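Visitor: Can you walk me through this one? I'd like to start with the empty space inside.
Guide: Here it is.

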Amino acid sequence: GALRFLIPTLIKHKSSTFLQMSNTNLLIVHWLAPVSTPHLRSMESFISAVEQVEQSNPTLTPLALVRALRRIAGHDDPLTVHYLGASNRHPVLSATLDQAILNASSFSFFDKAVHHIVTDQGEERGVVLAPDGTTVALAPLLLGIEAGLRQEGGASGVAAFGVFPLTLGRSLGLSFLSLQDFSADLRLGPGGCWDSVEQPRVFRLSRTPTLATDALINGGMDGAILGTALGNLSRAAPPPPPTRLSATLRGYYGYVLSEDRGLEELRGHASAKRRQSSRSLLEPLDPERQVMETLVMVWKLEKTEWIALDDGVEVSVKEGLKAFTHMYWDCPPIISRCQWGAEVIRGTHSPLSPPLPYLYIHHTYQPSTPCLSFPACSRDMRAMQRFHQDERGWKDIGYSFVVGSDGYVYEGRGWHNRGAHTRDRNTVGYGVAIIGNYISTLPSRYSMDLLRHRLVQCAVDGGRLAVNYTLLGHRQVVNTSCPGDAFYSEISTWDRFGK
């Protein structure tokens, strides 16, 4: 529509938002940063770096620290200043804190970790690998936290002023407009692969990036969740003493699950629940209105020649948010093959022709114990793939998808490739297993709900599974005890179970 010629300006705005640094800090970086010493790009490395600064400055408040990190990152673009104010509002304190951060041995980590940039080679920087296996951009995470810490007044449970525009609104809106001629789902993402999940240093995207990559969206959701939670604490009467930033991050990303304390029993916020938590927080705010208002604010603050929003822009935002809702709120989080360390297929895949009419439910039997973390579930996936390839002579792991008890679905052969899960039925249905032996016990309620409600609905809405699909246990079509007596009894009560 009438705003097409503004797209280069919008992209320029995005670049300035995430790439600029002050000349002073840039010179300090080149002088102090040990370029020859690469730092691991993990969330734990970032939290440890934050902790080091906190320990050297016992009176440091979380707000002062996130503001200093914003200043060092150069995130004083007009939209951020509008909501958060200038990062150098207290020059004496700013200089003291900057020096403390610059003196930290981890400064070169801050320098490289907080800037978001995608190189011409498809490397996404300014992102870290979280303990749950997902990749998170630090810029929107920290902006959301700062917005929450600055919150004064307002109703409990309501997102702090500026949280949505700074965490998700800007990235989503600019991405929807910059790729108006593309289908809505291609205006978001993609994800990518780390060079190593044990020693992560380089993250490469799987295709040409949008202005709202998966990592930016993950960081935006996390920033909205933590920013709102911290804002609610600041409104308590009397307010509790401020929690250190490192403690807040470690509580959110570093939770530990056990067989007695699964995700369904976990109180408080956790990164594995970011999709549900962000939806419950942000959906009532009317995301379409929020994105449109954010775009208006961006254009005004950037002093771009004003042109009234036309129907084409509103349609683009509406379609984009529909795709966002499906991809990041309706669908469960899926750990890709490269993230869990899959070996290459031995041969070639045979394509499926979705939508498929059947869904076949399995348990893995071996591994027999539910996996409760990304490292454990990844090990189980690799073990099953080795067994299927080496012992059974299959080209790949047999299942279409596998559900862990860590809150994530793991990609097997995926939506588009024929599996080897249900003899003589692999062309007409997907095979999904939950890791564990469920002859006498049930999977966790959370993992069953992940399969029953979220993965299935995602498949139907995405055109992969027929609307009138039939759900069957493995034993109903093959001579086997799978998916275990207890689990089979459970799925017999689910929607669309077939006799």
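Guide: This is a predicted model. Leu359, Trp415, Tyr430, Val432, Leu455, Val456, Ala459 and Leu465 line the largest cavity.

Visitor: Which elements give two or more residues to that lining?
Guide: Those are β11 and α17 (445–461). The largest share, 3 residues, comes from α17.

Visitor: How many nonpolar, polar and charged residues are in the lining of the largest cavity?
Guide: There are 8 nonpolar residues, with no polar and no charged ones. The space in this cavity is about 60 Å³.

Visitor: How many cavities of 30 Å³ or more does the structure hold?
Guide: It holds 2. The second largest has about 40 Å³ of space, and its lining includes Arg70 and His75. By class, that lining has 6 nonpolar, 1 polar and 1 charged residues.

Visitor: Back to strands. Is β8 largely enclosed or open?
Guide: Strand β8 (residues 356–363) is largely enclosed by the rest of the structure, because 6 of its 8 residues are buried.

Visitor: What does β8 join?
Guide: 6 bridges join β8 to β11 (residues 429–434), running parallel, and tyrosine 358 stands opposite glycine 429 there. Another 5 bridges join β8 to β12 (residues 465–473), also parallel. In β12, leucine 465 is the bridge partner of leucine 356.

Visitor: New topic: cysteine 377. Buried or exposed?
Guide: Cysteine 377 counts as buried, because its relative accessibility is 0%. Cysteine 377 lies in helix α16 (residues 374–391).

Visitor: What is cysteine 377 in contact with, leaving aside neighbours within four places in sequence?
Guide: Cys371, Leu372, Gly404, Asp406, Tyr410 and Ile435.

Terms used: Residues are numbered from 1 along each chain as its sequence is written. This is a predicted model: local features need pLDDT of at least 70, side-chain atom pairs count only at pLDDT 80 or more; totals for chains, interfaces and linings use all residues. Side-chain values use heavy atoms; hydrogens and water are left out. Helices (H or I, at least four residues) and strands (E, at least two) are DSSP runs, numbered from the N terminus. Buried means under 20% relative accessible area, exposed over 50%, partly exposed in between (1.4 Å probe, protein chains only). Contact means heavy atoms within 4.5 Å. Two strands pair if DSSP finds at least two bridges between them. On a 1 Å grid over the protein atoms alone, a cavity is a set of points where a 1.4 Å probe fits but cannot get out, and a pocket is an open set with protein on both sides within 12 Å along at least five of seven lines; lining residues have an atom within 4 Å of a point. Grid points are joined across faces, edges and corners, and a volume is the space filled by probe spheres set on the points. Ala, Val, Leu, Ile, Met, Phe, Trp, Tyr, Cys and Pro count as nonpolar, Asp, Glu, Lys and Arg as charged, and the others, Gly among them, as polar.
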